[in-house]
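Visitor: I would like to learn how to read a model with several chains. Could you walk me through it, feature by feature?

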Amino acid sequence: MLSMQNISKIYRTDVVQTHALRDFSLEVKEGEFVAVMGPSGSGKTTFLNIAGLLESFDTGIYMLDGEDVSNLNDDGRSHIRNERIGFIFQSFNLIPDLNVFDNVDVPLRYRGLKSAERSKRIQAALETVGLASRMKHIPAQLSGGQQQRVAIARALAGEPRILFADEPTGNLDSLMARQVLDLLEGINSSGTTIVMVTHDPELARRAHRSVHVLDGQVMDLKAVPDSGSKRENGVKA
Amino acid sequence: MFLYNLRLALLSLRRDPVLTALMIGAVAIGIGMSTTTLAVYHTMSGNPISWKGDQLYAVQMDNWGPSQPYNEPDEPPPQVTYRDGQALMKAAKAKDQNLSFTTSFVLQSDKPDVKPDLVQARATYTSFFTMFDVPFEYGGGWSKQADQDAQQVVVLSNAYNEKLFGGTNSVGKEVVLNNRRFQVVGVMKPWNPMPKFFDAQDDQFGEPEDLFVPLNLIGPMQLHNNGNNSCWGPPANNSFQGHLDSECVWLQFWAELPTQADRDDYHAFLDAYVQEQKKLGRFPRPVHNELHDVPDWLAYNHVVSKDSEALVGLSFMFLAVCMLNTIGLILAKFLRRSGEIGLRRAVGASKTALFYQYLVETSVIGISGGILGLVLGWAGLIGVRHLIEDSDHLARLDWTMVGISLLIALVSSMLAGLYPAWRVVRIPPAIYLKVQ
Amino acid sequence: MEIRPILSAMLRNKTGAILIALQIALTLAIVCNAMFIIHDRTSKMARDTGMDVNDIFVMTMAAYKPDYNADSAVHANLDLLRSIPGVVDATYSQSVPLSGGGWSDGATTTPDEHPKSTVDMGVYHMDEHALNTLGVKLIEGRDFTHEEISYIDGDKYTTPKLAIVTKAFGEKLWPGQDALGKTFYEGTSGLTVIGVVDTMEGTWSHWEGFERTVIFPTVLESEYMRYLVRALPGQRDEVMKVAEQKLGAAHTGNFVRSIHSLEYYRKSETSNDRAMTVMLSLVTALILAITALGIVGLASFSVRQRTRQIGTRRALGARRIDIVRYFITENWLITTMGVVLGSVMTVALNFWLVQLYDLPHIAWYYIPVGILCLWALGLLAVLGPALKAAAIPPAIATRNV
């Protein structure tokens with residue numbers, strides 16, 4: 001599903017060059033749930049930006065869903081992000097002026113789907129996260145956990161092949177965090193690949209395996225026992 | 001606290017220099033434009049003799065022909081005939097009265113090499129100087145006797161005395177007008193009522209004439225009227241006297257009537273006079289006499305140009321656009337600082353205190369915009385002077401106007417600042433801390 | 001494209017949108033009406049007067065010697081003027097064309113001492129050189145002859161028996177008929193039309209009857225007399241100097257009171273129109289600039305404020321062009337609300353101006369043209385901020401505050 005080989009990314013300013021990633025290589029198989037861990041400044045976020053096609057890189061080869069995306073232009077990357085990738089951000093990134101329905105609608109709009117199809121998907125995604133009744137609310141009227149569930153619905157509605165989650169529970173208390181994690185596991189078990197960036201070992205433990213990043217390099221590949229059986233809320237994806 | 005707020009305001013304005021320039025610039029241009037147009041309007045609509053303008057009345061009598069009024073609908077002429085004017089002077093029923101018209105003289109120097117000059121003059125009675133409070137530098141008006149005897153005496157304008165006698169006291173000296181010797185009896189101080197209310201028919205914003213002579217010289221010197229002349233029906237005979245006896249209107253008649261009773265009496269007198277004249281076969285139309293005091297008279301004669309009125313209207317709409325612009329920018333700026341507002345509220349700033357802080361900031365914008373706007377307005381008036389001929393007196397900024405425009409600047413920018421400040425302060429602080 | 005979500009986002013931040021829309025509305029109203037007045041004035045100023053305005057100058061002579069004789073002075077002055085090299089022709093004229101001051105009278109088709117209604121006309125008193133001096137085109141009939149000019153004392157004026165009239169005057173007095181040979185009346189005095197000229201403006205260019213002009217074959221002799229002189233093309237200014245010097249030196253008992261080109265009189269008479277045109281153009285230019293800058297300012301704010309949101313949209317698959325399109329659509333919606341309101345304001349403002357000025361109503365096409373201009377203005381103004389927004393990298397979305 002995701003294959004990175006010897007990816008390097010250098011940030012240049014007038015005075016310094018920072019190797020954010022160096023010779024970074026990673027394989028993620030279809031249907032996997034991988035946690036990428038590391039302390040701040042280790043290059044996790046750069047990895048996420050590159051893997052999610054939010055940023056370009058300097059050298060290396062990146063295959064995503066069987067396609068070489070190393071040399072795509074901006075529009076090509078937008079297209080792939082829109083059709084095959086789902087994002088869940090630490091600070092939810094809901095659009096404050098839009099209600100729940102319209103927030104989930106955002107990526108679908110850019111895909112040019114018919115209105116009936118969009119509303120069917122939005123409905124379904126919101127039901128999945130248990131917020132179908134909050135469609136007309138604006139983000140400020142929701143709790144943090146609810147906001148993140150809207151964000152997950154937004155990612156799901158696009159039926160992505162791979163989901164990138166960036167500290168998805170970083171801004172949530174433990175109860176809400178558990179709900180969100182349960183959701184992610186459900187999604188994963190229905191076949192969507194998930195790559196989650198986190199610094200929290202508790203969280204990483206729920207993934208199939210963890211990858212540790214330090215100084216822009218993968219340190220260690222360690223298999224984690226399959227934890228797919230730990231389904232508590234019976235969430236269906 | 002004020003100084004603290006002022007410092008905060010200046011800090012905030014310096015943080016966004018382009019935006020600050022845009023806001024101040026918009027206010028300044030709006031104020032500048034309205035100051036320019038309003039100053040012209042202000043001069044045009046001024047009351048040049050405000051202290052007694054409500055006691056001076058322009059007299060209208062409807063001597064016009066039977067079939068058509070002078071002006072639709074049924075307006076009497078704005079000037080009087082020679083014979084009626086002289087009759088009213090003789091009757092002397094008002095506290096004081098004046099008859100005058102504008103003419104010109106050829107002034108010759110005693111020195112043969114100096115070219116003669118055609119000078120604008122007003123033929124009038126000596127009451128002109130007292131009724132209209134004309135200020136004198138030297139001497140004064142002529143005597144009533146000089147009126148009666150049509151003596152060759154002259155009052156000079158300040159500028160013309162400067163030109164002829166280098167500004168020295170010329171009372172007693174002689175000038176030659178139309179080949180006759182006139183004695184100078186008075187020299188005015190600079191006097192330029194704006195608008196020229198006493199003759200609103202011609203050149204309402206021009207300067208008064210340079211020479212003033214007794215009106216009764218009209219017969220002996222066959223003085224011609226230089227102003228507007230309107231007639232109905234042909235003169236009885238084709239001669240100078242025939243013109244004087246005709247129904248042509250070309251003189252301005254004013255009566256000084258201090259009280260309502262005076263006005264009622266004078267109106268009754270005019271009506272009786274017209275009834276008397278009807279017996280002689282004159283005044284074929286229904287009796288219709290009118291008295292207008294100075295402000296009324298200027299309005300009646302449409303002294304304020306329509307262009308000026310239109311420009312004032314448009315420039316205030318323009319100011320509204322500039323203000324909307326500034327409101328939008330201030331609001332956006334204030335809302336962007338919601339985090340700071342939330343913080344200040346959290347550390348205990350009251351709504352009032354914050355409101356006050358933002359109002360100080362908008363006032364700084366308003367006052368700087370206002371001052372800059374005044375400068376622009378002043379520059380605009382210089383522009384107007386170049387654009388419109390003979391508008392030097394029209395396009396000027398007096399202290400009233402300076403005050404008015406500063407007031408407009410301050411009030412409009414306070415209003416512009418009031419709304420954003422109120423909006424920002426009204427929202428509960430928690431919102432700011434929650435949403436980005 | 002996505003109008004509904006843009007609209008609902010806008011409704012959540014109503015104030016900014018309303019402020020811009022109001023600005024646009026007022027701008028449309030001001031610009032349309034200003035353009036309308038400007039067009040009215042410029043077409044008035046550019047109007048064909050029917051005269052050779054550029055080559056004509058005007059001399060005013062005033063008597064100062066006791067032995068002045070008006071009759072000999074007028075003949076001597078005119079002979080002298082016509083003999084100056086470079087002079088095409090010269091005529092006496094009681095008033096100055098296009099100057100704003102002159103002689104008017106009412107005409108009727110039948111003799112009537114107290115007519116109920118008259119056709120008002122501007123009257124020129126001139127001699128038989130008038131048409132040639134003014135450069136006016138005679139389309140019917142003939143010019144005055146020397147014998148037909150009456151030289152009379154200005155105080156003893158009587159209506160002459162002949163007149164040359166403009167086509168416009170003839171059409172007003174005798175609609176649909178040929179004016180030539182007809183008689184019109186000033187009170188009970190009849191005048192026969194011996195010639196009809198094409199266009200020839202009177203002295204009041206602001207008067208609705210500016211085209212209804214007649215020439216009377218009369219020279220009114222007095223202490224002040226005016227002469228119109230036409231010079232060969234391009235020689236006016238030199239001829240003026242010569243004329244001033246020669247007439248000043250002639251011993252006719254009068255002196256040159258003033259000498260100006262006809263252009264000078266026309267310019268000073270139209271100076272208000274010019275000033276109005278300049279002021280209104282300035283108002284128009286400034287208001288468009290301020291409105292455009294206002295849009296730029298508010299759009300930039302909104303871009304800065306929505307940086308994260310734009311980054312998120314990009315992360316979720318929006319292309320750069322989608323972001324540009326978002327801002328353009330949003331601005332177009334606001335502008336459109338503004339111009340809808342502005343159209344109503346334009347008509348309202350026009351009603352006020354029509355009432356004030358007695359103008360015809362604004363032509364309908366000013367409004368759609370104005371709307372197109374404001375749409376274009378909005379588009380141009382928002383383009384910069386929109387491009388800036390499109391340049392926001394999608395990686396902003398993973399940056400945490």
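Guide: Gladly; we will go from whole chains to contacts, then to helix pairs, a sheet and some backbone details. Please keep in mind that this is a predicted model.

Visitor: Let us begin with overall form. What radius of gyration does chain C have, and what would a compact globule of 401 residues have?

Guide: The idea is to set the value for the chain beside the value for a compact globule with that number of residues. For 401 residues the globule would come near 21 Å, whereas chain C has 32 Å. The spans of the C-alpha trace along the principal axes add to the picture: about 105 × 50 × 35 Å for chain C. Its secondary structure comes to eleven helices and 13 strands.

Visitor: And how many helices and strands are there in chain B?

Guide: Chain B has 15 helices and ten strands. Its radius of gyration is 30 Å, against a value near 22 Å for a compact globule of 436 residues. The C-alpha trace of chain B spans about 95 × 55 × 35 Å along its principal axes.

Visitor: Now the interfaces. How should I think about them?

Guide: The size of an interface is often given as the accessible area lost when the parts come together. Here we will go by residues in contact instead. Between chains C and B, the contact takes 50 residues from chain C and 47 residues from chain B.

Visitor: Which elements of chain C supply at least two residues of the side that touches chain B?

Guide: They are α2 (14–45), β1 (56–63), β13 (254–261), α8 (271–305) and α10 (320–357) of chain C. The most comes from α8(C), with 18 residues. Sorted by class, this side of chain C has 30 nonpolar, 14 polar and six charged residues.

Visitor: How many residues of chain A are in contact with chain C?

Guide: There are 25 residues of chain A, in contact with 24 residues of chain C. On the chain A side, the elements that give two or more residues are α1, α2 (74–84) and α3 (100–111). Of these, α3(A) gives the most, with six residues. The classes on this side of chain A are nine nonpolar, seven polar and nine charged residues.

Visitor: Next, helix packing. At what angle do α10(C) and α11(C) pack?

Guide: For a pair of helices, look at the angle, the separation of the axes and the handedness. Helix α11 of chain C covers residues 366–390, and α10(C) packs with α11(C) at an angle of about 150°, their axes 8 Å apart. The two are therefore roughly antiparallel to each other, since angles over 145 degrees are counted that way. Their crossing is right-handed. Residues that meet include C:Phe327 and C:Trp332 in α10(C), and C:Leu374 and C:Trp375 in α11(C). The residues of this contact divide into 17 nonpolar, five polar and one charged.

Visitor: Where do the axes of α3(A) and α5(A) come within 8 Å, and at what angle do they cross?

Guide: The place to look in chain A is where α3(A) meets helix α5 (residues 144–157): the axes come within 8 Å and cross at roughly 35°. This crossing is right-handed. Among the residues making the contact are A:Val104 and A:Leu108 of α3(A), with A:Val150 and A:Ala153 of α5(A). By class, the contact has eight nonpolar, one polar and one charged residues.

Visitor: What order do the strands of the open sheet in chain A have?

Guide: For a sheet, read the strand order and then find its edges. The order of the four strands is β2-β1-β4-β5, with antiparallel pairing. At the edges stand β2 (17–28) and β5 (67–68) of chain A, each with a single partner strand, so one side of each is left without a neighbour in the sheet. Two bridges join β4 (residues 59–64) to β5(A), and A:Met63 stands opposite A:Asp68 in β5(A). Helix α1 (residues 44–51) of chain A packs on the sheet, touching β1 (2–12) and β2, and its direction makes about 60° with that of β2(A).

Visitor: Finally, is the peptide bond from B:Met194 to B:Pro195 cis or trans?

Guide: Omega is the angle to check, and here it is near -5°, so to speak the signature of a cis bond. B:Pro195 lies in the loop between β7 (180–188) and β8 (211–214) of chain B.

Visitor: Is phi of A:Asp215 positive or negative?

Guide: It is positive, near 50°, in a residue other than glycine. A:Asp215 lies in the loop between β9 (209–214) and β10 (217–223) of chain A.

Methods. Residues are numbered from 1 along each chain as its sequence is written. Chains are lettered from A and ligands numbered from 1 in the order in which they are written. This is a predicted model: local features need pLDDT of at least 70, side-chain atom pairs count only at pLDDT 80 or more; totals for chains, interfaces and linings use all residues. Two residues are in contact if their C-beta atoms, placed from the backbone, lie within 7 Å. Ala, Val, Leu, Ile, Met, Phe, Trp, Tyr, Cys and Pro count as nonpolar, Asp, Glu, Lys and Arg as charged, and the others, Gly among them, as polar. Axes are lines fitted to C-alpha atoms, for helices over the stretch in contact, and angles run from 0 to 180 degrees between N-to-C directions. Angles under 35 degrees count as roughly parallel, over 145 as roughly antiparallel, 65 to 115 as roughly perpendicular and the rest as oblique. A crossing is left-handed if the near helix is turned anticlockwise from the far one by less than a right angle, and right-handed if clockwise. Two strands pair if DSSP finds at least two bridges between them. The radius of gyration is taken over C-alpha atoms; the globule rule is 2.2 Å times the number of residues to the power 0.38.
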